[in-house]
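Me: I'd like to go through the labels on this model one by one and see what each rests on. Can you take me through them?

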Amino acid sequence: MATVPEIKEAILNLSQKEYNQLIEWLYELEELEWDRQIEADSSAGRLDSLRADAERAKANGTLEDL
C-alpha cells in the first residue's frame, strides 16, 4: 500500500483530466461518508432534538422553507 507522501507525489504527476477525475471521485466519497454519518446519527437519536424543533416550528406556523 502506498504511503501518504507517495500518494501526494502521484497526484502531482497526474494529467489535468486525471486530477479532475480524482477530485470528482473524492467529492463523491465525501458525500457518501456524510450520508453514512447522518444515518448513524439519526439511528442513534442524535437528531431527535432538531426534528422536535422543526415540528414545533411547523405547529406554530414559524417553519421556514430553505
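**Labels and what backs them**

Reply: Sure. A polar contact of 3.2 Å joins the side chains of E33 and R36. Keep in mind that this is a predicted model.

Me: What makes the E33 and R36 pair a salt bridge?

Reply: The side chains of E33 and R36 come together at 3.2 Å, N to O. The cut-off is 4 Å between a Lys or Arg side-chain nitrogen and an Asp or Glu carboxyl oxygen, so the pair qualifies as a salt bridge.

Me: And how far apart along helix α2 are E33 and R36?

Reply: They're three residues apart in helix α2, which means about one helical turn separates E33 from R36.

Me: Why is E33 called partly exposed?

Reply: E33 has a relative accessible area of 39%. Partly exposed runs between the 20% and 50% limits, so E33 belongs there. R36 gets the label too, because its relative accessible area is 48%, and exposed would need over 50%.

Me: Where does E33 stand relative to S43?

Reply: E33 and S43 are 10 residues apart in sequence, and their C-alpha atoms are 15 Å apart in space.

Me: How many salt bridges does the structure hold?

Reply: Four. Among them is the one between D41 and R46, whose side chains meet at 2.9 Å, N to O. That value is within 4 Å, so the salt bridge label holds for D41 and R46.

Me: Why does D41 count as buried?

Reply: D41 has a relative accessibility of 16%. Buried means under 20%, so D41 makes the cut. D41 is found in helix α2, residues 16–43.

Me: And its salt-bridge partner R46, buried or exposed?

Reply: R46 is exposed, because its relative accessible area is 51% and the label asks for over 50%.

Me: Which residues is D41 in contact with, leaving aside its neighbours within four places in sequence?

Reply: R46 and L47. Contact here means heavy atoms within 4.5 Å.

Me: What makes E55 and R51 a salt bridge?

Reply: The closest N and O atoms of E55 and R51 are 3.1 Å apart. Set against the 4 Å cut-off, that counts, so E55 and R51 form a salt bridge. They sit four residues apart in helix α3, which means about one helical turn lies between E55 and R51.

Me: Why do E55 and R51 get their exposure labels?

Reply: E55 is partly exposed because its relative accessible area is 43%, while R51 counts as exposed because its relative accessibility is 57%. The dividing value there is 50%.

Me: How do you know that the span of helix α3 agrees with its number of residues?

Reply: Helix α3 covers residues 48–60, and at 1.5 Å a residue its 13 residues should span 18 Å. The end C-alpha atoms are 18 Å apart, so the two values agree. Just after α3, G61 takes a positive phi of about 75 degrees.

Me: What about the reach of α2?

Reply: α2 has 28 residues, and its first and last C-alpha atoms are 41 Å apart. At 1.5 Å a residue you'd expect 40 Å, and the value is close to that. G45, just after α2, takes a positive phi of about 85 degrees.

Me: Which residues make the nonpolar surface patch?

Reply: W25, L26 and L29 make a patch of about 280 Å². To join such a patch, a residue needs over 30% relative accessible area and no salt bridge. W25 is placed in helix α2 and counts as partly exposed because its relative accessibility is 46%.

Me: Why are E24 and Q37 called partly exposed?

Reply: E24 is at 49% relative accessibility, so it counts as partly exposed. Exposed would take over 50%. Q37 is at 37%, so Q37 counts as partly exposed. E24 lies in helix α2, and Q37 is found in helix α2.

Me: Where do E24 and Q37 stand relative to E6 and E9?

Reply: E24 and E6 are 18 residues apart along the chain, with 20 Å separating their C-alpha atoms. Q37 and E9 are 28 residues apart in sequence and 30 Å apart in space, C-alpha to C-alpha.

Key: Residues numbered from 1 in each chain as written. Predicted model: local features only at pLDDT ≥ 70, side-chain atom pairs only at ≥ 80, totals over all residues. Heavy atoms only, no water. Helix = DSSP H or I, 4+ residues; strand = E, 2+ residues; numbered from the N terminus. Expected span 1.5 Å × (residues − 1). Buried < 20%, exposed > 50% of the residue type's maximum accessible area, 1.4 Å probe, protein only. Patch = residues over 30% accessible without salt bridge, like charges linked within 9 Å, V, L, I, M, F, W, Y side chains within 5 Å. Areas by Shrake-Rupley, 256 points an atom, 1.4 Å probe, with all protein chains shown as cover. Polar contact = N/O pair within 3.5 Å; in protein donor to acceptor, adjacent residues only side chain to side chain.
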